[in-house]
2 protein chains.
Amino acid sequence: MSLKNDIATINDRLTRTQRRIAEAVIEDESLLTFGNVTTLAARVGTSRASIVRFATKLGYAGFSELQQSARDEVSKKRTRPSQRVRSDASLEPLQDKIESAVRSVFEVLHQDRLNGMASPLATANHVWVLSGETSRSGAIALTSGLSMVRSNVMLVDEHSTGRELCGAQKGDVAVVFDFSRYRRHAVDAARMLADLGVTIVAITDSPLSPLSSLTDIRCELDIPAVGPFDSSVPAVIVAELLVSQVVRELGDKARDRIDRLETLWQATDTFLI
Amino acid sequence: MSLKNDIATINDRLTRTQRRIAEAVIEDESLLTFGNVTTLAARVGTSRASIVRFATKLGYAGFSELQQSARDEVSKKRTRPSQRVRSDASLEPLQDKIESAVRSVFEVLHQDRLNGMASPLATANHVWVLSGETSRSGAIALTSGLSMVRSNVMLVDEHSTGRELCGAQKGDVAVVFDFSRYRRHAVDAARMLADLGVTIVAITDSPLSPLSSLTDIRCELDIPAVGPFDSSVPAVIVAELLVSQVVRELGDKARDRIDRLETLWQATDTFLI
DNA sequence: CTTCTGATGTAACAAGGTGTACAATAGAGT
DNA sequence: ACTCTATTGTACACCTTGTTACATCAGAAG
């Protein structure tokens, strides 16, 4: 806003070419933030000197200072949501962190990426679910949801890794949740499965994660800290979105299975209502 | 995404300083888009040459090309919202539902109520954690977090309810997660524990829940549906908030335990970093 | 301990960018 | 038509930046 304000305050004192320059930078701010004097001059169809004079007219020492100001402006815009100021009850910073983490999950997980991650889960022979510690809730959510809509979903516990995984083979899919400190057993198991030809779907927190080099089918989440530990909320959300997408892909097959499950529940009187 | 992809595909071939560079540009993308070789090198604490080598390692001709790519990426991001309406159409209702569920968790869980639920967990002799199906992720999150900061935390599985609970007595606390259809075993177990004099902390979805009549220490959450199933996100958030509050109450005792846990992890080489 | 390899830093260089002095130009007023 | 002034373009000096060649250093292998 500050740039537009600057222009507005002196806009009646602008010369013709300066006005053209102003119009150009308002229409496409990247001319200022990413461009330089030469490109901007070319775009407007004027000389480079006029660009510099435009900057000084706005009150800056030169083009460089104007550019810096424009860059600061967009940087501030990007970081604002997290800095949002509010009253200081001790729960609110947590609320902020979690809410923005939730939002970022949906930014990362556009529909096409979600499709790319869910499709293998719909078609795989077996689905193996691996996780570290903080991501365990996500793994549970995925296993629980997925096993209600398809068969052969296995949660692999740390202490039973070898025994359970020995049947894995090509055509299977392994979903690996792991964050921040990267539990060795999860990473090792994932690497082993990848070597066996199993398709890896990774939910992790950084392109620098050891999981990221194993597969293209993955997403990187922002993980907020809640108290001393990392939150598993983003992982759980991803798990639930994956399940709902798999359900959509499987269509009637999933519905049938859910129906059969329901009759089983009824027969065993599992629920109170 | 393309930058993060680029980094991910070669992340295991990065040298130490190159990894530091990668971490820096992932954390603050403006270092790439707005910065230059000099500033990035200064930020990372390395030489300018290493920055250039990092760019070439990623497959670019040099830093300039990498910067251009980064700039293109954010330019694309800025124009995306218009496409987003179309391509993300099916995700947006879900996003709305989850975000407002998150918000409602914090509306329900004012600081005093959170205190009331967390305090018993800090002082109890034993903490028993029970759950239904969709709330299982929350139970896992609570058990996992709580057992890192205090001892005698037990997750009670459906098939082992009797065996595990027979030691419960006055002075213990049971946290029960259960929603919507109210799994019979969770409710029955909670009732039994209440009869034994165990303090019940309930996380459920309605004052009409069978759990609500057992205890005053409880909260009622709005549970959104994600696909055909109920979301466990609210339960997980409550679990994490409880843990963070217990940590605050236990103070140094919790910190000591975390420290000991850390040395154990170090000794057993549990994590990659 | 020595050697070798790869990673890192230093320094030089070429290219490109900014700012300014100065010349050219356009336009208004006489 | 002439002059004066404000505006714009040109040219140049200076500085910064990206790149590369070379020297140094650290660490693994023997």
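How many residues does the contact take from chain A and from chain B? It takes 70 residues from chain A and 79 from chain B, where contact means heavy atoms within 4.5 Å. Keep in mind that this is a predicted model: local features need pLDDT of at least 70, side-chain atom pairs count only at pLDDT 80 or more, and totals for chains, interfaces and linings use all residues. Residues are numbered from 1 along each chain as its sequence is written, chains are lettered from A in the order in which they are written, and side-chain values use heavy atoms, with hydrogens and water left out.

**Where chains A and B meet**
- About 6,600 Å² is buried between chain A and chain B, with carbon and sulfur atoms giving 62% of that; buried area is the accessible area (1.4 Å probe) that two parts lose on being put together, summed over both.
- The rule finds zero salt bridges across this interface (a side-chain nitrogen of Lys or Arg within 4 Å of a carboxyl oxygen of Asp or Glu).

**Around DNA strand D**
- There are 18 residues around DNA strand D, and those that come nearest are Thr17(A), Thr46(A), Asn36(B), Val37(B) and Phe63(B).
- Look at the strand's atoms within 4 Å of the protein: 64% belong to sugar or phosphate, and the rest to bases.
- Phe63(B) has a polar backbone atom 2.7 Å from a phosphate oxygen of DNA strand D.
- In Ser50(A), a side-chain N or O atom sits 3.2 Å from a phosphate oxygen of DNA strand D.
- Ser64(B) also joins in: an N or O atom in its side chain is 3.2 Å from a sugar or linking oxygen of DNA strand D.

Terms used:
Near = heavy atom within 4 Å. Polar contact = N/O pair within 3.5 Å; in protein donor to acceptor, adjacent residues only side chain to side chain.
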